[in-house]
Amino acid sequence: MRRPKRPLFLARAPYRRRRLRDAARLLPVLGAFLLLLPLLWTPTSRMAMTSGDVIYFFSVWLALIAFAAAFAPGLRGGDTADDEED
Amino acid sequence: MPFNLLVLSCFLYVAFLFTVAFVVEGRAARGRLGWLRSPLVYTLSLSIYCTAWTFYGAVGYAARSGLEFLTIYFGPTLVFVGWWWLLRKLVRIGRQHHVTSIADLISSRYGKSNTLGVIVTVMAVVAATPYIALQLQSVVLSFGVFASAAPDGSRPLDPGQIAVWVAAGLAAFTILFGTRNLDVREQHHGIVTAIAVEAVVKLVALLAVGSFVVWGVAGGVADVIDRIEAADLSAWQVQPGRWTGLIFLSAAAVICLPRMFQVMVVENEDEGHVARASWAFPLYLMAMSLFIVPIAVVGLDRLPSGSNPDMFVLTLPLAEGQGALAMLAFLGGFSSATSMVIVESIALATMISNHVMIPMWLRLRSGAAAGDDLRQVVLMARRLAIAAVLALGYGYYHVSGGSAALATIGLVAFLGVAQVLPAMLGGIFWRGATRTGAILGLVTGLATWAYTSFLPSFGPGAVLPETVFTQGLMGFAWLRPHSLFGTEAMDPLIHALFWSMALNILAFCLGSLFTFPGPVERLQGAAFVNVFEGAVGPQRWARGRAEPEALLVMAQRILGEETALSLFQSAARAQGKEGFLPDPTPAFLDGLEARLSGSVGAATAHAMISQLVGRATVTVEDLLAVASESAQILEYSARLEAREAELTRTAGALREANDKLTQLSLQKDAFLSQISHELRTPMTSIRAFSEILTEGDLPTEMVVRYGRIIHDEAKRLTRLLDDLLDLSVLENGAVQLTLGLASLQGMIDTALTAARQTRPERDFQVIRDLPSETIYLKTDADRLTQVFINLISNARKYCDSDRPELRIVVRQRAGRVTVDFIDNGKGIPKDSQALIFEKFARLTDANRAGGAGLGLAICREIMTNLGGSVAYVPGQRGAAFRVTVPLRLERLAA
């Protein structure tokens with residue numbers, strides 16, 4: 001079945017909403033990258049963890065939470081079926 | 001601290017939870033939930049992810065393996081932060097399809113297959129049993145800590161006895177609040193609220209112990225950081241493989257754990273809550289793990305070596321003489337354990353009753369027991385299942401003796417439930433995933449997990465003989481449980497994770513690629529994958545031969561008399577009927593099935609209705625019919641669209657034609673009035689002078705003069721009529737052309753000579769370029785000359801310069817010759833340029849030189865007939881006309 005046609009270009013508000021969704025999709029990817037990054041810090045196959053690492057991990061964690069909290073209100077609203085799955 | 005006080009406070013705490021659950025259930029029954037449906041309660045209820053394993057075990061984990069414990073929280077954090085990918089869809093599907101458990105989700109997606117439901121149920125039970133045992137063990141251990149610390153010599157309880165009491169108490173609580181009613185969507189407000197309360201208790205307890213450790217025992221944050229630096233770092237090393245693998249594993253587990261699915265999807269009240277939980281739940285997790293490292297480090301520092309790090313949360317405050325704090329910590333751990341056990345057993349009991357017990361019961365007593373209330377059977381099945389799950393957990397605890405480190409069992413369980421992940425993700429993102437593929441994937445994953453992780457977790461020689469570990473199954477070295485296919489370098493857990501997921505996904509994909517799904521399966525697949533695109537596909541039921549009364553009886557057995565009657569009544573009213581028996585239309589059957597599946601699961605509800613409807617289900621032909629129907633509609637609307645466009649075009653053409661006709665009619669009117677005027681003027685003077693002549697008595701010279709005037713006017717009249725005739729012939733294209741080769745120079749010479757008669761008194765300078773004029777044209781020379789004469793005469797007549805000149809420029813280009821006649825007068829004003837070629841167009845009467853204003857109109861018609869054109873060229877500092885004529889005029893087909 002053919003899907004109904006979607007507009008090719010959008011007004012400013014829906015455009016921003018879609019980019020917000022893109023950002024929300026990218027956030028876990030960024031998070032995974034940042035959480036796996038310390039694996040590359042030490043040359044040996046086993047990495048030793050120091051208090052610096054503890055602080056790093058908690059900072060990344062907090063940043064992810066903050067971004068998710070910033071995104072959440074904008075994502076909750078525009079859940080209409082027509083501009084779904086851009 | 002007196003041990004009896006501990007037991008008493010435990011009882012009081014449980015009583016408090018009972019009260020909370022009871023009050024909330026009461027409010028829910030009256031429909032007054034209010035803030036209890038808030039995202040806060042939802043987020044807090046998600047905290048059953050943090051079990052006793054987290055509460056006690058994380059510290060032990062940190063003490064043993066350093067930061068690796070963080071991975072258990074990073075996975076869920078990533079899943080929740082990325083809720084837009086998966087959780088949103090999962091929750092939407094769960095709400096739309098009345099999913100009651102993760103087994104129900106899988107079974108419903110793959111064509112309501114009960115086989116799949118059974119497989120997932122078995123998997124969940126096998127994976128959850130050690131996990132429940134773990135919770136019991138943690139409670140027993142924590143009791144043990146207090147008992148051994150009791151200085152007053154009070155008799156410590158036997159650990160086994162404690163475990164029995166805890167298990168029984170939990171079973172009672174769960175049965176009481178978990179099986180009160182058979183809700184349409186398996187929601188248990190009382191329990192969810194109690195769990196939210198417990199979530200707060202365990203967070204507060206852990207934060208309190210952590211704060212005490214950091215600021216009470218150690219000297220603040222800086223001191224703790226120093227201690228971390230000073231701690232033995234050799235154990236604080238993380239293998240990259242384990243780090244990555246564990247993050248993946250915990251991410252998979254948070255989606256697939258039956259209890260997480262229960263609170264996340266089944267108990268979800270509002271999809272908006274997920275948005276809030278997307279950051280609030282990771283925040284909760286972070287708060288829970290904030291003090292784990294300090295507690296572990298300080299515990300290792302302060303407590304005697306050899307003390308169990310899993311119990312640091314309790315033993316550290318006790319060792320520092322903080323009895324009340326230890327009590328709080330104990331209640332936190334107790335909360336973690338109980339909330340997990342309660343929700344897990346509810347989720348498992350729902351699966352067991354919906355996918356194992358009820359189908360079996362229906363098969364055993366098919367048809368015979370139409371009268372009895374199935375609800376009681378379902379509820380009884382649930383109660384039995386809850387008791388059985390807890391009994392299993394206790395049995396496992398009893399058999400294993402509670403020796404293994406907590407974290408290991410937790411990870412093994414995680415890996416077990418993660419086997420559902422491929423079938424689940426494939427089911428909601430890939431329409432090509434089939435039932436066979438899912439069964440193959442699940443069974444392969446389950447078998448690999450059991451062989452590489454679950455069975456070895458009992459220790460060598462316990463279930464699998466020692467020789468299997470060293471020499472492989474049946475002597476095949478490549479089948480050793482910890483190094484399948486020779487992969488010896490891997491950590492055992494990552495080895496199990498890698499191989500079970502790889503083989504699972506492989507079997508799932510291959511099975512899906514090579515099998516053909518049944519119609520219900522395809523229908524469900526489309527509905528799940530395209531859940532955001534609204535309703536898809538045909539209705540699942542053709543109008544069967546079901547008796548509405550039989551349906552009502554069945555619905556009453558599951559939903560209860562009152563609910564079923566009101567459901568049927570409203571359906572009947574929607575169909576415009578009175579009474580309680582609606583027609584068994586497909587829409588009604590669909591709605592009824594959805595309603596029933598909320599109570600007994602999709603597979604059972606489907607089976608029950610198809611028993612009554614007779615015709616089992618939708619067929620491939622139905623699917624195709626719907627597909628072709630919609631294709632026809634599409635085609636039809638496309639045809640309509642095309643026709644509409646055509647109509648619009650036709651209408652436009654008609655409007656244009658109408659405009660042109662109106663214009664022509666106006667032109668005709670103007671032409672008629674113009675021509676009568678032109679004819680009348682000479683006629684008037686002829687009549688007047690002939691009247692004078694007829695009166696006689698006139699001197700001869702007067703007669704001669706009047707006679708000449710009459711003659712002149714008659715000549716003018718004749719000329720006018722000639723012109724009109726000429727124009728009419730030209731316009732009709734009926735003109736006879738005499739084609740021949742003629743020199744352009746000769747024609748211009750002739751024209752100049754002829755035109756000299758016009759205003760012969762003026763001295764006109766003609767500028768020509770003779771060589772360029774030596775062109776021979778094949779055309780009608782007389783007609784072309786006529787055009788030239790006309791243009792030159794016009795120049796002579798109208799050029800208002802004192803020293804008039806006329807430039808004649810000839811150019812030849814691409815088979816056409818252009819001849820420009822440019823004078824040095826004022827030229828023609830811009831707004832008149834469009835008019836000059838019209839009939840009777842004269843710019844001013846002042847320069848009127850006897851013409852009727854037909855000259856240029858005739859020129860234009862002649863040029864059209866000669867295959868060329870004549871046009872006014874603006875911007876030449878004078879009037880400029882360009883005649884374009886083809887070099888060789890081919891005779892047009894007449």
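This report walks through confidence, one sheet and one helix pair in a predicted model.

## Ground rules

Residues are counted from 1 along each chain as its sequence is written, and chains are lettered from A, with ligands numbered from 1, in the order in which they are written. As this is a predicted model, local features need pLDDT (the predictor's confidence in each residue, from 0 to 100) of at least 70, side-chain atom pairs count only at pLDDT 80 or more, and totals for chains, interfaces and linings use all residues.

## How sure is chain A?

Chain A averages a pLDDT of 75, with 71% of the residues at 70 or above. Helices (H or I, at least four residues) and strands (E, at least two) are DSSP runs, numbered from the N terminus. Helix H1 (residues 12-36) of chain A has the highest mean among that chain's elements, 88, and strand S1 (residues 47-48) of chain A the lowest, 55.

## A sheet in chain B

Here, strands pair if DSSP finds at least two bridges between them. Five strands of chain B form an open sheet in the order S5-S7-S8-S10-S9, with mixed pairing. Strands S5 (765-768) and S9 (869-872) of chain B each have a single partner strand, so one side of each is left without a neighbour in the sheet.

Strands S7 (residues 805-813) and S8 (residues 816-823) of chain B run antiparallel, joined by eight bridges. In this pair, B:Arg813 sits opposite B:Arg816.

## Two crossing helices

How do H12 (residues 258-266) and H16 (residues 323-364) of chain B cross? Their axes (lines fitted to C-alpha atoms over the stretch in contact, with angles from 0 to 180 degrees between N-to-C directions) come within 8 Å and cross at roughly 90 degrees. H12(B) and H16(B) are therefore roughly perpendicular (65 to 115 degrees).

Notes: Parallel < 35°, antiparallel > 145°, perpendicular 65-115°, else oblique.
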